[in-house]
Amino acid sequence: MSKKLLVANWKANPKSLTEAVRLARQTDAPNVVVAPPFPFLHSVGGVLRRSALGAQDVFWSDGPYTGEVSTNQLKRLGVRYVIIGHSERRRYLAESDKVINKKVVAALKAGLKVILCVGEGRHENIRRAEDFVKTQIRSDLAGIRGRMSSKLAIAYEPIWAIGTGRADSPQQAGSMAKFIKKTCKNYIHIKNIPVLYGGSINSNNASSFLSSTYLDGGLVGGVSLKPVEFRKLIELSS
Ligand code: PGA
């Protein structure tokens with residue numbers, strides 16, 4: 001199996017800086033992106049030797065935008081990757097495709113690597129799920145062309161599988177990844193875009209996702225906070 005990318009999405013965890021630094025040391029590995037909450041970025045970045053530093057969101061501009069964090073600020077902290085459009089932000093903060101598109105454009109222009117999250121809300125028929133994901137991709141990536149797209153990856157995260165312990169089947173996730181690659185080629189002329197799967201990945205199911213030809217890695221929430229289990233995922237992805 002060739003090396004696959006693992007993105008550790010810590011969300012609003014852990015509770016303290018001490019725990020964050022300990023967790024970062026325990027999960028440091030070459031094919032891993034560690035995405036802590038903003039307040040821990042600086043210290044976590046300071047202890048990572050092999051992993052890349054990631055952020056969980058970004059705003060599209062510097063300036064008078066209370067509470068926001070800009071691409072330049074992230075870059076100065078050593079951040080290389082940014083997750084954009086996570087379903088929890090779409091759901092709890094009503095982040096729209098229009099807003100997500102502005103963030104994707106700004107982050108790519110700034111030279112950050114973007115992991116755009118897409119995925120349908122309900123467990124449903126594959127055709128309807130594909131239509132939903134296609135619409136998200138076309139809106140979220142409007143205006144993205146050419147060289148900009150070389151720093152882009154898509155995380156397919158069916159919402160019903162996030163944090164529920166009910167992962168998608170590796171076959172369905174693989175077939176959706178194939179569909180996403182085709183959609184990106186046809187509509188935005190991006191060839192062979194990397195696609196990650198996210199949603200209840202654990203040490204028991206990871207190998208079937210990571211061995212899929214169409215999946216280039218995983219976006220991991222809950223298990224990225226459990227260093228012993230996460231190390232098993234690192235071994236499987238190396
Ligand atoms: P989960 O989260 O692994 O806890 O399901 C994945 C995600 O939200 O990115």
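**Exercise 1. Work out which side-chain atoms make polar contacts with the ligand, and how much of the ligand the protein covers.**

Step 1. In this predicted model, begin with histidine 86, where an N or O atom of the side chain is 2.7 Å from an oxygen atom of the ligand.

Step 2. Turn next to glutamate 157, which has a polar side-chain atom lying 2.7 Å from an oxygen atom of the ligand, and then to asparagine 9, whose polar side-chain atom lies 3.5 Å from a ligand oxygen atom.

Step 3. On its own the ligand has 280 Å² of accessible area, and the protein covers 95% of that area.

**Exercise 2. Describe the residues that surround the ligand.**

Step 1. There are 13 residues around the ligand, and those that come nearest are Lys11, His86, Glu157, Gly163 and Ser200.

Step 2. Sorted by character, the shell consists of four nonpolar, seven polar and two charged residues.

**Exercise 3. Find the backbone features in the loop between E1 and H1.**

Step 1. Lysine 11 has its place in the loop between E1 and H1, and its phi is near 55 degrees, which is a positive value in a residue other than glycine.

Step 2. Proline 14 is found in the loop between strand E1 (5-9) and helix H1 (17-27), and the peptide bond leading to proline 14 from asparagine 13 is cis, with omega near -10 degrees.

**Exercise 4. Classify the packing of H6 against H7.**

Step 1. The axes of helix H6 (residues 126-140) and helix H7 (residues 170-188) come within 10 Å and cross at roughly 40 degrees.

Step 2. Because of that angle, H6 is oblique to H7.

Step 3. The crossing in which H6 passes H7 is right-handed.

Conventions: Residues are numbered from 1 along each chain as its sequence is written. This is a predicted model: local features need pLDDT of at least 70, side-chain atom pairs count only at pLDDT 80 or more; totals for chains, interfaces and linings use all residues. Side-chain values use heavy atoms; hydrogens and water are left out. A residue is near a molecule or strand if one of its heavy atoms lies within 4 Å of it. A polar contact is a pair of N or O atoms within 3.5 Å; within protein, one must be able to donate a hydrogen and the other to accept it, and residues adjacent in sequence count only if both atoms are side-chain atoms. Accessible areas come from the Shrake-Rupley method with a 1.4 Å probe; for residues, only the protein chains shown count as cover. Ala, Val, Leu, Ile, Met, Phe, Trp, Tyr, Cys and Pro count as nonpolar, Asp, Glu, Lys and Arg as charged, and the others, Gly among them, as polar. Axes are lines fitted to C-alpha atoms, for helices over the stretch in contact, and angles run from 0 to 180 degrees between N-to-C directions. Helices (H or I, at least four residues) and strands (E, at least two) are DSSP runs, numbered from the N terminus. Angles under 35 degrees count as roughly parallel, over 145 as roughly antiparallel, 65 to 115 as roughly perpendicular and the rest as oblique. A crossing is left-handed if the near helix is turned anticlockwise from the far one by less than a right angle, and right-handed if clockwise.
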